[in-house]
Amino acid sequence: MKTIQIKIDEKQIEEQLLKQAGQLIKNGGLVAFPTETVYGLGADALNSEAAVKIYAAKGRPSDNPLIVHIADYEALFHIALEVSEKAKALADQYWPGPLTMIFQKKESVPFRTTGGLQTVAVRMPGHKIALELIRKSGGYIAAPSANISGRPSPTQAQHVAEDMNGKIDMIIDGGEVGIGIESTIIDMSGAIPVILRPGFIDRSMIEAVIGPVVLDPTILRQNTEQLRPKAPGMMYKHYAPKAELSIVEGSMESVVKTINDLCKEKCKKGYMVGIIATEETKQLYHAGIVKVIGSRNEEASIVRGLYRVLREFDHTGVEFIYSESFADGEMGLAIMSRMLKAAGHKVISL
Ligand code: TXA
Ligand code: MG
């Protein structure tokens, strides 16, 4: 299959191009598009066969449900059975934006889209191209992140092309995304709201609107038979770079020293080693390939750089990567939930 690539400027959207993309989705095709979190791989959410194509293109297990993206609030009531007052309040506050809510589903949503579940995940993205594309595609786009299953999510169109070229109908290049990690997921289908995946909309932002919520206990822990995450996608090995990643945590001074020592040791044995550093520490490392994830003075830059550095290392041939820890800031939970998965929970605590 030939994958068409088009460029659209969010500030100056060419209606005609988006109309063409919308038509592809209406016809059952696959179109990758930018959102404010990561790039999504879109198909008509109400068309079973289209959903099946998403699983094939990503190599994703078919029991891992997809998020349905909407552009207009009323669309929610066509796919969700019950929408509580709390859910309405969250939608009011944070939609369009990086928040996904889970509801009991209506019959209109095929089981192929929900991975066989009775619930459906819904999000209204805060990105102009995404919103217009959804409207031009019939109003309901099922979209996982546009990466091959298990690889870091794409934050640039180039990342999507690496994984999806030749497998999908179109890639819309809308530039680098603004946030860089996937939406917060909150399950609103039970009595107590549960955060299943942390993201830019953090716990305190949610509790400010609806009061106490709980965190899925598996978010920062390794999965076991007893401890299974409620979002099936959080179970799989994820975001993994090709190299073996370890996170080193402790005081900045001891972290830098330990990473330098580990690098020296591995380099002596002939291995290629990578280091995930920050603007503030990059000049302190003396061996290996040093990549800057972002600046500790601007946490958002670290969030935005996370998947980019993991992908960049895949092109360097490094066999081991050592990273500083980023657990301290407001987005610490969101960042570390991804990094710990990418590292297979290999942490060196000093
Ligand atoms: O920011 C995002 O959410 C991006 C962009 C493209 O919108 N999408 C995204 O989709 O991250 P995906 O498929 O990569 O991750 C969706 C996660 C998976 O972990 C999946 O298991 C979970 O949401 N999920 C979807 N429907 C669910 C449901 N009904 N119950 C529990 N978890 C669900
Ligand atoms: Mg994903």
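**Ligand 1 and the pocket around it**

Sorted by class, the shell around ligand 1 comes out as 14 nonpolar, eight polar and five charged residues. Everything described here comes from a predicted model. In that model, 27 residues surround the ligand, and the closest of them are Thr 37, Asn 64, His 69, Ser 183 and Gly 233.

Two of those closest residues, Thr 37 and Asn 64, also turn up when polar contacts are listed. For Thr 37, an N or O atom of the side chain sits 2.7 Å from an oxygen atom of ligand 1. Asn 64 likewise places a polar side-chain atom 2.7 Å from an oxygen atom of the ligand. With Thr 119 the ligand's partner atom is a nitrogen, found 3.0 Å from an N or O atom in that side chain. How much of the ligand does the protein bury? On its own, ligand 1 would expose 690 Å², and the protein buries 97% of that.

As for which parts of the fold make up the shell, the elements giving two or more residues to it are β4 (67-69), β6 (119-123) and β10 (194-197). Strand β6 makes the largest contribution, with three residues. Thr 119, already met as a polar partner of the ligand, falls within the 119-123 span of β6.

Now for the space itself. Rolling a probe the size of a water molecule over the atoms shows where empty space is left. The space that ligand 1 takes up is the largest pocket, and about 670 Å³ lies inside that pocket. Its lining runs to 42 residues, with Arg 60, Pro 65, Ile 67, Ile 185 and Arg 197 lying nearest the centre. Broken down by class, the lining holds 18 nonpolar, 16 polar and eight charged residues. Which strands supply at least two residues each to this lining? They are β4, β6 and β10, along with β9 (184-187). Here, too, the largest share comes from β6, which gives four residues.

Two spots in the backbone also deserve a look. The peptide bond running from Trp 95 to Pro 96 is cis, its omega being near -10°. Pro 96 belongs to the loop that links α4 (85-94) with β5 (99-104). The other spot is His 345, which has a positive phi of about 65° despite not being a glycine. This histidine, His 345, is found in the loop between α10 (332-342) and β16 (347-349).

How values were computed: Residues numbered from 1 in each chain as written. Chains lettered and ligands numbered in written order. Predicted model: local features only at pLDDT ≥ 70, side-chain atom pairs only at ≥ 80, totals over all residues. Heavy atoms only, no water. Near = heavy atom within 4 Å. Polar contact = N/O pair within 3.5 Å; in protein donor to acceptor, adjacent residues only side chain to side chain. Areas by Shrake-Rupley, 256 points an atom, 1.4 Å probe, with all protein chains shown as cover. 1 Å grid on protein atoms, 1.4 Å probe; cavity = no way out; pocket = protein on both sides within 12 Å on 5 of 7 lines; lining within 4 Å. Sits in = over half its atoms within 2 Å of the grid points. Nonpolar A, V, L, I, M, F, W, Y, C, P; charged D, E, K, R; others polar. Points joined across faces, edges and corners; volume = space filled by probe spheres on them.
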